[in-house]
Every structure is written in structure tokens, then in C-alpha cells.
Amino acid sequence: MSEPLVVGRIGRPHGIRGEITVDVRTDEPESRFAVGAEIRTDPAAAGPLTVERARWHSGRLLLRFAGVGDRDAAEALRGVWLVVDPDDIPPSADPDDFHDRELIGLAVVTADGADVGRVADVLHHGQDLLVVTGPAGETLVPFVAALVPEVDVPGGRLVIDPPPGLLDGP
């Protein structure tokens, strides 16, 4: 089994009947947290949890899990991570859609073949950024088609076309 992927984190209770807020960490909350879905937890002893009810309230996802019937039981779950096995996530039909785990570890080369390093992490801020670690240190590369024209996951590499100065370091 691969290292689990976080899809949410349980927040504070909502009301007195066991509903909890969820800090959503997935782009598919409607399917991931559908009624009847069984979700693994970290720590594992807290779950698995089965979604009994899901609804949006003031921009926050509220869930009720089977067996969690009151505020005290909901409070006991606060801070628990909701996770899935990455092998259970079907590949995207979009050829330009990648999971972070697919990108981390890929070799990074320039369009003319120069070695830049490897993808060490993917940051999700206003724009997705590849953290590339190599001989010149750490470089942040915006993950956009103009700068990353080729991603070859099966081949284990991605090609970047950096503008002048991007790879010069500090």
C-alpha cells in the first residue's frame, strides 16, 4: 500500500448532534465525502468512518459519521486526518492533470537537455509551484504550460523552458 493521501481534516463540532466541520483537501469533495463512503483516518484507531450525512453550510463542509451522535463524540475526532489510498484514485482523463505524487521525484531538464535536478515538492499557493532541488540549490518553477511544456511521468522526467534568470539562483 502506498502512503495515504490526505483528503480532509476534521475540525470543530457543529451543533449538538455530532456534525463536524471538515477542512477539505480534495478537489472532489462531493464524491470523496458522499453518503455511505467509508474513509480511513490518521490515526487509524479513529476510523474508518462512514459518512452518514454531508452538507454545505456557509461555505464549509459539514459531515456526520455513523456512530458519532453527539457533540462530545464529534469533539473527540477533532484534528483527525481523513485519508485515502492513492492506488484507489483513478487516473484522470485529462492528460494535463497530475497528482503531486506523480511529479515528486521526476528528473527536471531544460529544453536543450541540461540537468536542473529533481522535483522535491509541489506547492499550491495562488499558483502551483514545483520545488526543484539540484546542483544550483532549490528553485521554484511555476507549473504552467509555458514554462513546463512536457511532463513525461512514465519516462520519469519533465522538461522546463525557463525564462532568463529563473535558474540563476540567489
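Start with Val6 and Val83. Select both: Val6 stands opposite Val83 in E6. The model is predicted, so keep that in mind along the way.

**Stop 1: E1 and E6**

Widen the selection to the two strands. E6 covers residues 81–84, and four bridges join it to E1. The two run antiparallel.

Keep Val83 highlighted and add Arg40. Val83 is the bridge partner of Arg40 as well. That takes you to E3, which pairs with E6 in the antiparallel sense over three bridges. Val83 thus has Val6 opposite it and Arg40 as a bridge partner.

**Stop 2: E1 and E2**

Go back to E1 and select residues 5–14. Add E2, residues 19–24. Five bridges hold this antiparallel pair. For one point of register, pick Gly8: Val24 in E2 stands opposite.

Now look at the turn. Four residues lie between the strands of this hairpin. Gly15 is in the turn, with a positive phi of about 80°.

**Stop 3: across to E5**

Stay on E2 and select Val22. Its bridge partner in E5 is Leu61. E2 and E5 are antiparallel, with three bridges between them.

Select E5 in full, residues 60–65. On to E4: six bridges join E4 to E5, again antiparallel. Arg55 and Leu62 mark the register, with Arg55 standing opposite Leu62 in E5.

**Stop 4: Ser58**

Zoom in on the loop between E4 and E5, where Ser58 is found. The hairpin has two residues between its strands. What is the sign of phi at Ser58? Phi is positive, near 50°, in a residue other than glycine. Most residues other than glycine have a negative phi.

Switch on the surface. Ser58 counts as exposed because its relative accessible area is 66%, and the cut-off for exposed is over 50%.

**Stop 5: Phe65**

Return to strand E5 and select Phe65. Is Phe65 buried or exposed? Phe65 counts as buried because its relative accessibility is 1%, where buried means under 20%.

Show what surrounds the ring and backbone of this residue. Beyond its neighbours within four places in sequence, Phe65 is in contact with Ile10, Ile20, Ile39, Leu49, Thr50, Val51, Glu52, Leu77 and Leu82. Several of these sit on strands already visited: Ile10 falls within residues 5–14 of E1, and Ile20 within residues 19–24 of E2.

Draw a distance from Phe65 to Val51. Their C-alpha atoms are 4.6 Å apart, though 14 residues separate them in sequence.

**Stop 6: E3, E4 and the loop between**

Select E3, residues 38–42, and E4, residues 49–57. Two bridges join this antiparallel pair. The hairpin they form has six residues between the strands.

Step through that loop. Pro43 is found there, and so is Pro48. Check omega at each. The peptide bond from Asp42 to Pro43 is cis, with omega near 15°. The bond from Gly47 to Pro48 is cis too, with omega near 0°. Most peptide bonds are trans.

**Stop 7: Glu38**

Move to Glu38 in strand E3. Thr50 in E4 stands opposite. Leaving out residues up to four places away in sequence, Glu38 touches Pro48, Leu49 and Thr50. Leu49 and Thr50 also appear among the contacts of Phe65.

Is Glu38 buried or exposed? Glu38 counts as exposed because its relative accessibility is 59%.

Draw one more distance, from Glu38 to Asp100. The C-alpha atoms are 23 Å apart, and the two residues are 62 apart along the chain.

**Last stop: the whole chain**

Zoom out and colour by secondary structure. The protein has three helices and twelve strands. Along its principal axes the C-alpha trace spans about 60 × 30 × 25 Å. The radius of gyration is 20 Å, while a compact globule of 170 residues would have one near 15 Å.

Colour by burial next. Buried residues make up 33% of the 170. The accessible surface comes to about 9800 Å², and 50% of that belongs to carbon and sulfur atoms.

Finish with charge. There are 15 positive and 29 negative side chains. The centres of the two sets lie 13 Å apart.

How values were computed: Residues numbered from 1 in each chain as written. Predicted model: local features only at pLDDT ≥ 70, side-chain atom pairs only at ≥ 80, totals over all residues. Heavy atoms only, no water. Rg over C-alpha atoms; globule rule 2.2 N^0.38 Å. Buried < 20%, exposed > 50% of the residue type's maximum accessible area, 1.4 Å probe, protein only. Areas by Shrake-Rupley, 256 points an atom, 1.4 Å probe, with all protein chains shown as cover. Lys, Arg positive; Asp, Glu negative; His and termini not counted. Charge placed at Lys NZ, Arg CZ, Asp CG, Glu CD. Pairing = 2+ DSSP bridges. Contact = heavy atoms within 4.5 Å.
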